[in-house]
Structures are given as structure tokens and as C-alpha cells.
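Me: I would like to go through this structure and ask why its parts are called what they are called. Please set each value against the rule behind it.

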Amino acid sequence: SSGINAEYGYELGVQIVEVCLATRPINGGLITMEELCLRLEKSSGKTRKDIRSDDINRAIAKLAVLGDGFTVVKVGKQQLVQSVPGELSMDHTTALDVAAKHGGQLTVEELERLGWPDLRIRSTLDNLLEQSMVWVDEVNSTYWVPALFK
């Protein structure tokens, strides 16, 4: 690969880290590929329209050598960039999938419809809450995934 491509990949990697760190207090370290692209285009000074998800995927693959923390997770038809250490289990991904189908909203009832026992539901939701990937609306017993708000 040429120096220009390597330089671009490095620069993009730094920008991805900056955007993910800046948005982490809001989204718990999960951001849609679409939102990340938009934020990267805005942050690059001149409004770039050439940032594609495969560029981001390549840059994230390079960031992986720095250790735990940056991965791309498929949720339904969307790609989410996870910028916090720790792997999402199949249960986490399934719960996020359900939320994606409901504009970022998740309820215990929706997980019960999957045939999950109460302990599995609690454990999954508690873990996502601990990681700040979901917020809870205790009044309506609803969980929200900030990265998937519509």
C-alpha cells in the first residue's frame, strides 16, 4: 500500500477514536456506522463526502492491534462500532437487534417473546446498563439504546 493510503488510514483511525471518545458519554460506546461517517465527514474541516464504511472497517482493523476496544458489530441490517473493551455476547446482540427494530426502544416483554427466562433477560439488560449501552426509563419500564435512537 502507498504512503498516502497508510497516512489516510492512520488519520482516519485517530478521528474514529476522537469521535467515539467524544460520544461515549451519550451512547455508551456504541455508534452506528452511519452516524460515525456523518460525524467524521463534519470533523474533517472540509466537508468530506468520501468516507465509506469499508474505510472505517479497515481503520478499525488497524486499531485492533492496540488492544481491546474497537470492533464492528452487526445488528440487524446496521453496523455498530463498539468502542469499549469487552465482547458483546449473542444475548447482547439479540437484545440490540430487537431494539433496532423498535427505533432504539427495548422492553422486558419483547425479550420474553423470544422465550427467554427472567434471569437471562435481567442479566442481559443489567450488563448493557452497566456498560451504559442502554438507558432505562423506570417510569415506563423501557430501555433505550442511544446509538439506535430514531
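Reply: One definition is needed at the start: a helix is a DSSP run of H or I with at least four residues, and helices are numbered from the N terminus. Note also that this is a predicted model.

Me: What makes Asp55 and Arg58 separated by about one helical turn?

Reply: Both belong to helix α3, which covers residues 53-63. They are three residues apart in α3, so the separation is about one helical turn.

Me: Why is the contact between Asp55 and Arg58 called a salt bridge?

Reply: The term requires a side-chain nitrogen of Lys or Arg within 4 Å of a carboxyl oxygen of Asp or Glu. For Asp55 and Arg58 the N to O distance is 3.0 Å, so the pair meets the rule.

Me: Is Asp55 buried or exposed, and how do you know that?

Reply: Buried means under 20% relative accessible area. Asp55 has 9%, so Asp55 counts as buried. Its partner Arg58 has 46%. That value lies between the cut-offs of 20% and 50%, so Arg58 is partly exposed.

Me: Which residues are linked with Asp55 and Arg58 in a network of salt bridges?

Reply: Arg52 and Asp54 are linked with them in the network. The side chains of Asp54 and Arg52 meet at 3.0 Å, N to O. Asp54 is partly exposed at 30%, and Arg52 is partly exposed at 46%.

Me: What makes the salt bridge of Arg120 and Asp91 a link between distant parts of the chain?

Reply: The closest N and O atoms of Arg120 and Asp91 are 2.7 Å apart. Arg120 is in helix α6 and Asp91 is in helix α4, with their positions 29 residues apart in the count along the chain. Asp91 has 19% relative accessibility and the cut-off for buried is under 20%, so Asp91 counts as buried. Arg120, at 34%, counts as partly exposed. A search of the whole structure finds five salt bridges.

Me: Why is the pair of Trp135 and Phe149 called edge-to-face?

Reply: A pair of aromatic rings is described by the distance of the centres and the angle of the planes. Centres must lie within 6.5 Å for a pair, and planes over 60 degrees apart count as edge-to-face. Trp135 and Phe149 have 5.8 Å centre to centre and 75° between the planes, so both conditions are met. Trp135 is in strand β5 and Phe149 is in the segment after β6, 14 residues apart.

Me: What is the relation of Trp144 to Phe149?

Reply: Their ring centres are 5.8 Å apart and their planes are at 75°, so this pair is edge-to-face. Ring pairs link Trp135, Trp144 and Phe149 into a cluster. Trp144 has 27% relative accessibility and counts as partly exposed.

Me: What makes Ile26, Trp135 and Phe149 eligible for a nonpolar surface patch?

Reply: Patch residues need over 30% relative accessible area. Ile26 has 49%, Trp135 has 37%, and Phe149 has 40%. Each value passes the cut-off, so the three are eligible on that count. The patch they make is about 300 Å². Ile26 is in helix α1, residues 3-27.

Me: Which residues have the most contacts inside the largest nonpolar core?

Reply: They are Leu106 and Leu111, in a core of 23 residues. The elements that give two or more residues to this core are β2, α4, α5 and α6. Of these, α4 gives the most, with four residues. Among the residues that Leu111 touches are Ala95, Val98 and Trp116.

Me: How do you know that Thr32 is buried?

Reply: Its relative accessible area is 7%, which is under the 20% cut-off, so Thr32 is buried. Thr32 is in strand β1, and its contacts include Gln78, Leu80 and Ala147.

Me: What makes the phi of Ser132 worth a remark?

Reply: Most residues other than glycine have a negative phi. The phi of Ser132 is near 60°, a positive value. Ser132 is in the loop between α6 and β5. Ser141, in the loop between β5 and β6, also has a positive phi, about 50°.

Notes: Residues numbered from 1 in each chain as written. Predicted model: local features only at pLDDT ≥ 70, side-chain atom pairs only at ≥ 80, totals over all residues. Heavy atoms only, no water. Core = buried A, V, L, I, M, F, W, Y, C linked by side-chain atoms within 4.5 Å. Buried < 20%, exposed > 50% of the residue type's maximum accessible area, 1.4 Å probe, protein only. Contact = heavy atoms within 4.5 Å. Patch = residues over 30% accessible without salt bridge, like charges linked within 9 Å, V, L, I, M, F, W, Y side chains within 5 Å. Areas by Shrake-Rupley, 256 points an atom, 1.4 Å probe, with all protein chains shown as cover. Phe/Tyr/Trp six-rings, centres within 6.5 Å; stacked < 30°, edge-to-face > 60°. Lists of a residue's contacts leave out its neighbours within four places in sequence.
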